[in-house]
Amino acid sequence: MNPADNTTPLVIAIDGPAAAGKGTLSRQIAETYGFQHLDTGLTYRAAAKALLDRGLPLNDEGIAEKMARDVELAGLDREILSAHAIGEAASKIAVMPAVRRALVEAQQAFSKRKPGTVLDGRDIGTVVCPDAPVKLYVTASPEVRARRRYDEIVGRGDAANFDEIFADVRKRDERDMGRADSPLKPAKDAHLLDTSEMGIEAAFQAAKAIIDAALKG
Ligand code: CDP
């Protein structure tokens with residue numbers, strides 16, 4: 001497929017666990033290839049925030065679905081949605097099939113935008129865009145991911161406790177990998193990228209090499 005061929009928007013699917021570095025990597029990739037980018041985690045976070053803001057329960061699928069249907073992709077604000085508590089709430093409502101259906105529909109519509117798109121999340125290569133010609137599964141050890149999340153929070157000037165963050169990362173992995181609907185796992189045809197020993201630039205170069213090879217092939 002030719003990325004310059006506007007009739008067939010090209011999708012780069014990027015999945016992986018919490019704090020694996022998908023976000024930074026996906027933004028860099030989108031910029032490099034001139035593609036539009038959607039961090040699908042923000043869609044789950046926006047639905048969760050709508051519930052939290054209204055004091056609504058996190059365990060009522062009907063109400064959560066309504067919030068999911070009201071999520072506007074244009075209004076997703078990473079700064080506001082990045083709060084740790086919102087991420088925890090997001091992973092709780094992300095187990096609900098009706099919430100997933102609503103958000104996956106919006107994500108699939110986004111994936112058709114021209115000239116191409118980068119979507120990152122947990123189920124892009126397996127469920128949202130199973131036909132994506134390039135799939136990356138970005139991971140790192142739980143210790144490294146907890147350290148990155150810790151540095152990110154402290155870097156923002158907020159207080160953080162490493163042991164708590166480490167425990168949260170493991171809990172989130174269990175929830176994301178253990179749920180019945182769209183569990184986090186690499187697609188069969190995904191390229192695995194373990195960034196435990198890589199900085200941002202090395203991870204980007206490794207991802208770019210994989211994408212360029214896949215686009216040529
Ligand atoms: O940034 P972080 O890795 O903490 O999480 P995120 O990508 O913002 O996603 C927050 C939560 O939304 C995840 O823990 C998942 O439970 C859920 N999610 C999902 O189920 N499917 C996606 N495609 C993206 C996120």
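Modeller: Before we speak of pocket linings, Asp, Glu, Lys and Arg count as charged, Ala, Val, Leu, Ile, Met, Phe, Trp, Tyr, Cys and Pro as nonpolar, and the others, Gly among them, as polar. The structure above is a predicted model.

Biologist: With those classes in hand, what makes up the lining of the second largest pocket?

Modeller: By class, that lining has 8 nonpolar, 1 polar and 6 charged residues. The pocket itself has a volume of about 260 Å³, and of the 15 residues that line it, the closest to its centre are Ala46, Ala50, Asp70, Val71 and Glu72. Set against the classes, Ala46, Ala50 and Val71 are therefore nonpolar, whereas Asp70 and Glu72 are charged.

Biologist: Which helix gives the most to the lining of the second largest pocket?

Modeller: Helix H2 does, with 5 residues, and H2 and H4 each supply at least two.

Biologist: Turning to the largest pocket, what makes a residue count as part of its lining?

Modeller: A lining residue has an atom within 4 Å of a point of the pocket. The largest pocket has a volume of about 1100 Å³, and of the 46 residues that line this pocket, the closest to its centre are Ala19, Gly23, Asp39, Arg149 and Glu152. The largest share of the lining, 6 residues, comes from H1, and by class the lining divides into 15 nonpolar, 13 polar and 18 charged residues.

Biologist: How do you know which domains the lining of the largest pocket draws on?

Modeller: The lining draws at least three residues from each of domain 1 (8-35 + 115-211) and domain 2 (41-114).

Biologist: Why is Thr117 called buried?

Modeller: Buried means under 20% relative accessible area, and Thr117 has a value of 0%, so it is buried. Thr117 lies in strand S3, residues 116-121.

Biologist: Which residues are in contact with Thr117, leaving aside its neighbours within four places in sequence?

Modeller: Contact means heavy atoms within 4.5 Å, and the residues that meet this cut-off with Thr117 are Leu10, Val11, Ile12, Phe35, Gln36, Phe110 and Ser111. Gln36 deserves a second look, since Thr117 and Gln36 are 81 residues apart in sequence and yet 4.7 Å apart in space, C-alpha to C-alpha.

Biologist: What does UniProt list for residues 12-203?

Modeller: In an unreviewed entry, UniProt lists these residues as "domain: Cytidylate kinase". In the model, the end C-alpha atoms of residues 12-203 lie 16 Å apart, and the span is 54% helix and 12% strand.

Notes:
Residues numbered from 1 in each chain as written. Predicted model: local features only at pLDDT ≥ 70, side-chain atom pairs only at ≥ 80, totals over all residues. Heavy atoms only, no water. Helix = DSSP H or I, 4+ residues; strand = E, 2+ residues; numbered from the N terminus. Buried < 20%, exposed > 50% of the residue type's maximum accessible area, 1.4 Å probe, protein only. 1 Å grid on protein atoms, 1.4 Å probe; cavity = no way out; pocket = protein on both sides within 12 Å on 5 of 7 lines; lining within 4 Å. Points joined across faces, edges and corners; volume = space filled by probe spheres on them. Domains from an automatic or database assignment. UniProt positions renumbered as here; feature names shortened; annotations may be inferred.
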